[in-house]
Amino acid sequence: MEKQDKKTIDIKCSTISLEEKERYCSIVESLPDLICSCDVDGKPTYVNQAYCDFTSKTKLDLMKSNIFDLISQDALPDVLKLLKTITPENPIIQYVALPEKDKVNQWISWNIRGVFDPKGKVVEYHAIGRDVTDQKNTEESLKESQQDYYDIVERSPDMIHSIDKDGHILFVNKRECELLGYSKDELVGKHIYDIYPPEEHERVGKGFETLQKEGKLYVTGAKMLKKDGDVVEVEIDSVAVSDQQGNFIRTRSIIRDVTTKKKQKMAAAASEQKYKMVVENANEVILVAQDNKIKFANPKIEEVTGYSRDDLYSKRFTDFIHPDDQKMVADRYAKRLAGESVKANYTFRIVTKAKDTRWLEIHSVQIEWEEKPAVLSFLTDVTEREKASHGLKRSEELYRSMFDQAIDSITLVRLDGTFSHMNQGFKKKFGYTDEEYKKIRITDLEVSDSSEEISQHINLIKEKGSDTFETRLKNKAGDILDFLISVKLVKLDDEQFLHSVIRDITDKKKAEDELNQKIEQMEFMGRLNIKRHKKMLEMQTEIIALKKRLGETPPLLEELDEFNSDES
């Protein structure tokens with residue numbers, strides 16, 4: 001807030017002559033500043049012409065209005081609060097705000113003095129206002145410019161830092177923190193030697209001296225030390241920042257990580273004679289592709305493909321790729337040359353001279369080969385791995401099919417009783433949806449045992465490792481069925497589960513019950529037959545005795561003999 005040296009004008013002052021008063025008023029009326037006075041309720045007692053021009057009102061209109069009504073509603077509470085702070089000990093306040101209504105794009109700096117009665121009570125306010133809109137706009141523009149500069153520095157792909165004259169870090173950007181592995185708080189305040197390996201310290205010290213003397217410095221091949229101990233190779237472009245007297249105060253440096261660039265150059269240089277032995281004896285295929293042809297390859301490629309290098313050099317490299325993978329490899333090759341983002345590692349198939357299909361894993365980088373863009377690739381034969389992977393996948397699919405097609409219900413239950421996995425047989429048997437199975441527990445299905453008994457049973461299985469038992473479970477429809485359950489405790493990814501095979505024995509139990517009933521019936525009938533046969537034997541004995549007594553067989557006894565014979 002700009003302080004103003006003008007003295008508050010008391011228009012009602014009676015201690016000056018009329019001529020002086022007129023001269024004084026003439027000066028006030030001609031001032032460009034806004035000048036007004038009002039009582040504590042906001043009723044104007046004076047306004048100058050500049051205030052009238054600013055409000056676009058006449059003096060007569062303003063003298064009939066209330067000064068507080070001209071202040072924007074957003075600013076008014078703060079203004080009234082500030083006015084209450086005026087005291088004889090602190091008679092002047094200053095503030096900057098968006099002023100009167102409809103002046104939303106103008107800023108006024110106000111200097112307000114209180115006028116007091118003999119008891120020290122405020123009776124009037126004298127105010128001088130100055131339009132500081134241009135100043136505020138300049139400040140805002142400066143803030144925006146500073147923010148733009150900050151954003152550019154923070155988003156820069158290069159590292160940027162500033163070092164004071166004693167070698168301590170004053171500022172680092174986000175990229176430098178990411179690359180070196182530090183937070184800003186960790187880096188700011190460190191000495192420059194802390195981010196360079198010991199063997200670089202002498203070079204850094206001399207460079208710092210040169211920068212202070214000459215005002216600029218460009219360094220290549222420098223090495224910076226990361227927090228984890230790794231080293232990155234960089235290029236540094238620095239300038240010295242001095243004060244108005246020309247005294248050095250700090251540096252401003254832009255550092256570019258050239259580690260990747262260095263690796264690419266080394267990869268390209270591997271095709272030169274000094275690296276020939278390494279390339280020629282590598283256990284992986286190393287090749288350079290350019291203009292859709294293989295320009296260079298090591299001997300390993302002949303072993304993998306069965307073709308001579310002359311054969312490979314004479315044709316398009318896609319001619320040796322499996323037809324189903326040709327488009328994918330060609331597209332990624334073209335995108336890499338165009339500088340587009342491409343997956344660095346992937347697998348594809350080739351067809352060998354013997355018509356065999358082999359899998360290769362490729363890792364590629366873009367390089368310059370004979371001053372033209374090319375792709376350097378490293379290929380590893382992963383045929384056996386792929387075969388094993390496909391075999392494993394087929395096994396997984398087979399076991400998944402067996403799991404889902406099994407007649408018995410199969411589940412994987414967590415120790416808290418919630419379901420982790422289940423086969424189709426279980427879902428069909430109990431009738432719940434996948435979403436419902438996520439919400440229920442095994443205790444919701446159990447009929448025979450209580451929750452406490454189930455918990456005790458789970459603890460028993462944890463001790464024994466497995467168990468086989470019969471129980472009764474209820475499906476979604478409310479049917480109660482009998483099951484034979486075989487449970488085994490298993491551990492998957494450090495978590496224990498109950499692996500259960502659940503067999504529906506409801507029909508078996510019914511058949512067993514029916515069989516037991518039939519056996520009981522047969523036993524009952526047998527007991528009846530025994531009693532009846534015993535009675536018949538007793539009667540037969542009596543009949544024989546009667547025959548002996550009678551000495552002859554009456555017709556009725558003959559009929560009884562025939563009946564007994566038939567019964568026997």
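How many helices and strands are there in the protein chain? Show the whole chain as a cartoon and you will find 19 helices and 20 strands. Keep in mind as you look around that this is a predicted model.

**The whole chain**

Stay zoomed out for a moment. The protein chain has 568 residues, and 34% of them count as buried. Switch on the surface: the accessible area is about 36,300 Å², with 50% of it belonging to carbon and sulfur atoms.

**Stop one: helix 4**

Now select residues 76–83, which form helix 4. Which of its residues are buried? Show the side chains of Leu76, Val79 and Leu83, and you have them. These three lie on the same side of helix 4, because they cover an arc of only 60° around the axis. Turn to the other side of the helix, where Asp78 and Lys81 are exposed.

To see what covers the buried residues of helix 4, add strand 3 (92–97), strand 4 (108–116) and strand 5 (122–131), which are among the elements doing so.

**Stop two: the largest nonpolar core**

Leu83 leads to the next selection. Together with Leu34, Tyr51, Ile86, Trp110, Ile112 and Tyr125, Leu83 is one of the residues with the most contacts inside the largest nonpolar core, a group of 27 residues. Colour strand 1 (34–39), helix 2 (49–55), helix 4, strand 3, strand 4 and strand 5: each supplies at least two residues of this core. Helix 2 gives the most, with four residues. As a general rule, nonpolar side chains in soluble globular proteins tend to be buried together.

Centre the view on Ile112 next. Leaving aside neighbours within four places in sequence, Ile112 is in contact with Leu83, Ile86, Pro91, Ile92, Ile93, Tyr95, Tyr125, His126 and Ala127.

**Stop three: a five-stranded sheet**

Move along the chain to an open sheet of five strands, paired antiparallel in the order 12-11-15-14-13. At its edges sit strand 12 (293–297) and strand 13 (345–351), each pairing on one side only. Look across the sheet: neighbouring strands are turned by 40° against each other on average, direction ignored.

Zoom in on strand 13 and its antiparallel partner, strand 14 (residues 357–369), which are joined by seven bridges. For an example, pick Ile350, whose bridge partner in strand 14 is Arg358.

Finally, select residues 326–337. This is helix 13, which packs on the sheet and touches strand 11 (285–290), strand 13, strand 14 and strand 15 (372–381). The direction of helix 13 makes about 135° with that of strand 13.

How values were computed: Residues numbered from 1 in each chain as written. Predicted model: local features only at pLDDT ≥ 70, side-chain atom pairs only at ≥ 80, totals over all residues. Heavy atoms only, no water. Buried < 20%, exposed > 50% of the residue type's maximum accessible area, 1.4 Å probe, protein only. Areas by Shrake-Rupley, 256 points an atom, 1.4 Å probe, with all protein chains shown as cover. Pairing = 2+ DSSP bridges. Axes fitted to C-alpha atoms, helices over the stretch in contact; angles between N-to-C directions. Contact = heavy atoms within 4.5 Å. Arc of directions from axis to C-beta. Core = buried A, V, L, I, M, F, W, Y, C linked by side-chain atoms within 4.5 Å.
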